[in-house]
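Good morning, everyone, and thank you for making the time. Please take a moment to look at the structure on the screen before I begin.

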Amino acid sequence: MAYTKGERSVGDLPSSLGEGNGASTSGGPSSSSSGQAPPSAHIHMRCLIVTQDASIIIGRAGAHVNEIRDKSGARVMVSESIPGNPERILNVSGPLDAVSKAFGLIVRRINDEPFDKPSVPGSRAVTIKFMIPNSRMGSVIGKGGSKIKEIQEASGARLNASEGMLPGSTERVLSVSGVADAIHIATYYIGNILIEANERMPTSSNSSYRPSTVSRRPPYPVGGTSGSSVGGGGSSYVPGYSNPYAQTAPAAPVPPQGPLQTQQIYIPNDLVGCIIGKGGSKINEIRHMSASQIKIMEPGATGAPVSGAPAATEGERLVVITGQPANIQMAVQLLYHRLEQEKQKQLRAQQPSGSNA
């Protein structure tokens with residue numbers, strides 16, 4: 001059996017996780033002073049999955065999800081589909097070893113691979129987007145990213161933690177990408193860290209992310225939109241999301257309902273970096289959340305004249321957003337929210353130490 005560098009087979013995990021083969025973990029992520037959580041420790045893990053994968057996991061008349069439950073011993077539930085939201089929530093709960101095994105089977109089901117055979121070279125990597133309370137993400141990441149690095153080396157999976165929280169919640173996304181065995185192993189170690197963290201400091205209040213429901217909300221007009229205004233039609237909102245530039249909450253992406261539209265806004269040149277993020281991470285996250293195309297134009301570029309749109313001033317950069325009206329609205333609000341965060345950060349940095357201002 002072949003693995004990528006640092007990847008392990010399921011048999012390298014504790015015997016309860018490796019189908020009772022008696023193999024033990026060596027060189028994996030270090031545990032805290034409380035020791036590794038017993039495989040019987042219960043945990044509830046939630047993740048976001050696209051509707052297409054949800055349908056595959058469930059199967060006709062629930063045949064697939066029932067098989068995953070039977071073979072893993074975990075409780076596996078998929079939330080109802082929400083109109084206008086491309087993702088659903090997958091809930092997996094039970095003993096830690098059963099939960100981690102279930103995620104390995106889920107990846108096998110998505111890839112249409114046999115349940116009883118190890119991952120092979122050429123298996124497609126699948127990304128599982130775990131929703132982790134912000135208060136627990138630091139434990140998963142570790143000092144200087146040490147824990148994530150250890151989990152990656154032990155499993156062969158790739159881990160990436162989002163910086164921002166999901167709208168209307170105190171949860172962040174931990175993306176885990178890899179083949180079935182890699183996801184299985186990584187999930188075990190992530191679950192172990194979460195159980196240990198909860199033992200050290202029981203969780204306080206946590207606002208769980210919930211897919212948005214359709215609601216009629218007045219849109220937030222910024223700049224101009226070619227074709228027609230952003231207003232009109234139903235839009236979705238996520239309760240609890242605050243935006244410094246508007247009292248309305250951002251709309252969730254909705255399915256195409258007509259021709260695409262374009263909106264132009266301008267942002268200060270000196271804040272372009274915070275919008276883009278390291279390696280484009282920030283702008284890609286906003287694109288994904290809003291389901292919009294976002295282009296940051298070169299310095300000096302000007303947009304087509306649009307009635308009611310703000311005129312460019314020196315030191316500003318043109319941003320062109322294309323998509324459905326509700327998606328454009330969400331993209332604009334996410335962009336301005338990011339700008340406000342950076343401005344507040346700069347203001348705090350400028351305040352003299354010990355100032356009461």
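I will go from the chain as a whole to a few strands, one helix and the aromatic pairs.

Please keep in mind throughout that what you see is a predicted model. The protein chain has 357 residues, and buried residues make up 49% of them. Its secondary structure comes to nine helices and twelve strands. If we take the contacts between residues at least 6 apart in sequence, 73% of them join residues that are at least 24 apart. As for the outside, the accessible surface comes to about 17300 Å², and carbon and sulfur atoms account for 51% of that.

Let me turn to the strands, beginning with β3, which covers residues 87–95 and is mostly covered, since seven of its nine residues are buried. This strand pairs with β1 in the antiparallel sense over nine bridges, and within that pairing His-42 has Pro-95 of β3 as its bridge partner. It also pairs with β2, again in the antiparallel sense, over four bridges, where the bridge partner of Met-77 is Asn-91 in β3.

Next comes helix α1, which runs over residues 51–58 and has Asp-53, Ala-54 and Ile-57 as its buried residues. Seen down the axis of α1, these buried residues fall within an arc of 105 degrees, and so they line one face of the helix. A general point helps here: an α-helix has 3.6 residues a turn, so residues three or four places apart point the same way. What do the buried residues of α1 pack against? They pack against the strands β1, β2 and β3, and also against the helices α2 and α3. Just after α1 comes Gly-59, which takes a positive phi of about 75 degrees.

Now for the aromatic rings, where a search of the whole structure finds two pairs. One of them is formed by Phe-103 and Phe-130, which meet edge-to-face, with 4.9 Å from centre to centre and 65 degrees between the planes. Because Phe-103 lies in helix α3, residues 96–110, and Phe-130 lies in strand β4, residues 126–133, the pair ties together parts that are 27 residues apart in sequence. Both of these phenylalanines are buried. The rings of Tyr-188 and Tyr-189 also form a pair, and because their planes stand at 80 degrees, with the centres 5.8 Å apart, this pair is edge-to-face. Tyr-188 is buried at a relative accessible area of 0%, and Tyr-189 is buried at 3%.

I would like to stay with Phe-103 a little longer. Why does Phe-103 count as buried? Its relative accessibility is 0%, and buried means under 20%, so the residue falls on the buried side of the cut-off. Which residues is Phe-103 in contact with, once its neighbours within four places in sequence are left aside? The contacts are Met-45, Cys-47, Leu-90, Val-92, Ile-128, Phe-130, Ile-183 and Thr-187. In addition, the C-alpha atom of Phe-103 is separated by 5.8 Å from that of His-184, although the two residues are 81 apart along the chain.

Cys-47, one of those contacts, brings me to my last topic, the cysteines. Cys-47 is buried, with a relative accessible area of 0%, and Cys-274 is buried as well, with a relative accessible area of 10%. How many disulfides does the structure hold? The count is zero.

Technical notes
Residues are numbered from 1 along each chain as its sequence is written. This is a predicted model: local features need pLDDT of at least 70, side-chain atom pairs count only at pLDDT 80 or more; totals for chains, interfaces and linings use all residues. Side-chain values use heavy atoms; hydrogens and water are left out. A disulfide is a pair of cysteine sulfur atoms within 2.5 Å. Buried means under 20% relative accessible area, exposed over 50%, partly exposed in between (1.4 Å probe, protein chains only). Rings of Phe, Tyr and Trp (its six-membered ring) pair if their centres lie within 6.5 Å; planes under 30 degrees apart count as stacked, over 60 as edge-to-face and the rest as tilted. Helices (H or I, at least four residues) and strands (E, at least two) are DSSP runs, numbered from the N terminus. The arc is that of the directions from the helix axis to the C-beta atoms. Contact means heavy atoms within 4.5 Å. Accessible areas come from the Shrake-Rupley method with a 1.4 Å probe; for residues, only the protein chains shown count as cover. Two strands pair if DSSP finds at least two bridges between them.
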